[in-house]
Amino acid sequence: MAEAATPLGRLEVAVQPRRRRRTIPWARLVLGVFSALVLLYLVAPVLIVIPMSFSAAKYLSFPPPGLSLQWYENFFARSDWTSATIQSIRVAFMVMVLSTVLGVAASLALVRASFPGKEIVNLIIVSPLVVPAIIVAIAVYGLYVQFRLVQTFWGLVLAHTVLAIPYVIVNVSATLRGFDIRLEQAARSLGANGWQTFRHVTLPLISPGIFAGAVFAFIASFDELIVALFIAGARGRTLPMRMFEGLRMEIDPTIAAVSSMLITFSVLVLASAELVRRRSQVE
Amino acid sequence: MTTGDALVRAAYQGSALSRRLELRRQLGYLALLLPALILLLVLFVYPILRLLVTSIYDGGQLTLEHYRRIVEVDLYLRVLRTTFTIALQVTLLCLALGYPLAYFLATLRARTARLLMILVLIPFWTSILVRTYAWMVLLQRQGVFNRWLLELGLIDEPLRMMYNRIGVLVGMTHVLLPFMVLPTYAVMRGIDRNLLRAAANLGASPLQSFLRVFLPLSLPGVAAGSLLVFILALGFFITPALMGGRNDMMIAQLIETQIRTQLNFAFAAALATVLLVVTLIIFAIYNRLLGLDKMFGGGV
């Protein structure tokens, strides 16, 4: 051990065996078992839903008596499920694009510039993350009724963008703070203009943060139910709305198929976000 | 003119220029901020302010009628009480499950802990509807748990675990637990282990060094997690709507029914204001104690 030469390092070496003798194995065992159970509780739904979705039974049973793809077939055959899914993807995609563009621009300002009232602006920007969705839903609903934006595609996109922007800003700001501004200064001194500097220097370096922010923005809109319930309307029904109906009426096993696809989707998306982050760290 | 003079003058001109450039730069940044800020002002701040006004300004005059109704009508008061009780119960459950888990993860090697953390993050990024569905499958009358318990002969008739408080607590704790584990774990990781060794060296038993050194140092994480869980629990809608019984109605559900079935916007606005004020007070406490930057930048 390299630190062994310093007084503190020697102390550390000397204390180590005694500390080990003092730990109580059974306490550690109890803690480990308890933690394993809590982790099981956390992943149990995922472990249950995926096998259920391949069930050959017509009713709920676990473990499934046989395997079949009937619930997936049901999902793809029924237009109320597919049209809701397509609607959700359309909305979430537009929300992702809008909130990423607006969020990246705003992050640059929030990290780089200092101006009076910055504290308040910061507060406004993070508050959609803590203000309960039901409040945003009825507030926006009240406004939209007046301006006839209820049940419109863009009305929903804009409302979801408000909820998604904070995710982009939090992620992009975090990468911007770790960014060496001298790289931009170097580019400028070599004759690049503002846009060129941003396009060829800043953007590639903060892209992991942008990617993560965009992913979170997409998921934030794709999973959102409460605001959509108020302003989407029956014709613009989103997937969460369709699922909510399904869960309120009967517990339709088609939802197991939908859920499994959603779980797979979010795991893939998160894994790719993590990969992008890691690759950028290696470089 | 000496070279020194020229240098001084060049430096002076340079600084005037750079000051002007700096101002332009700052204005440029402000222009970048505006689109997002305007969107938030128009579609978030303004509608909420309008909501507050609607709740006190009805029929052309100021009135506290709607607030009086909340306090005077038994049903509404009960919903408020239920909301607080459930939020508190969920926070305590998250603490009871989350603290030991975070502690255990913090004692593991960083690599192992990161791998196990995936198990915390997967549900975190899974749709609440998906998770609620799973709990309904597990907990309902003909559900997985009841079948297993019946087959094992532990019970004679199915237990009621859904459409009551148990269902609400199981479902909500599941959704909110990661919000407790992540900040608590982040703070625990940052605690200097040498402090515990020092305590042991000075004769403290493991329990003493935990209670008097580790526990106090982990409190900022606990406070962050608890406040966050409590705030988020107050506004819950999906889980109580799908898994709760008639006595588990929370304020968000009441607001929804007031608008969708009673069409009573002003009264819903008053309820929303109550929820908003409570949320913002806790948010302010959080900000005072821990700073907003810790809220979402941390482990997520």
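Tutor: Helices (H or I, at least four residues) and strands (E, at least two) are DSSP runs, numbered from the N terminus. By that rule, chain B has 13 helices and 2 strands. This is a predicted model, in which local features need pLDDT of at least 70 and side-chain atom pairs count only at pLDDT 80 or more, while totals for chains, interfaces and linings use all residues. Residues are numbered from 1 along each chain as its sequence is written, chains are lettered from A and ligands numbered from 1 in the order in which they are written, and side-chain values use heavy atoms, with hydrogens and water left out.

Student: Why is Asn164(B) called buried?

Tutor: Buried means under 20% relative accessible area, exposed over 50%, and partly exposed in between (1.4 Å probe, protein chains only). Asn164(B) has a relative accessible area of 16%, and is therefore buried. The residue sits in the loop between α6 (144-151) and α7 (165-189) of chain B.

Student: What makes the approach of Asn164(B) to Arg160(B) a polar contact?

Tutor: A polar contact is a pair of N or O atoms within 3.5 Å; within protein, one must be able to donate a hydrogen and the other to accept it, and residues adjacent in sequence count only if both atoms are side-chain atoms. A polar atom of the Asn164(B) side chain lies 3.0 Å from the backbone oxygen of Arg160(B), and that distance falls within the 3.5 Å limit.

Student: Why is the pairing of Asp80(A) with Arg242(A) called a salt bridge?

Tutor: The term requires a side-chain nitrogen of Lys or Arg within 4 Å of a carboxyl oxygen of Asp or Glu. For Asp80(A) and Arg242(A) the N to O value is 3.0 Å, so the pair satisfies the definition. Asp80(A) belongs to helix α4 (residues 79-112) and Arg242(A) to helix α11 (residues 239-249) of chain A, 162 residues apart.

Student: Which of the classes buried, partly exposed and exposed applies to Arg242(A), and which to Asp80(A)?

Tutor: Arg242(A), at 8% relative accessibility, counts as buried. Asp80(A), with a relative accessible area of 21%, is partly exposed.

Student: What makes Arg237(A) and Glu245(A) a salt bridge?

Tutor: Their closest N and O atoms are 2.8 Å apart, which meets the 4 Å criterion. Elsewhere, salt bridges that share partners join Arg78(A), Asp80(A) and Arg242(A) into one network.

Student: How many salt bridges are counted between chain B and chain A?

Tutor: The count there is 0, whereas the whole structure has 9 over all chains.
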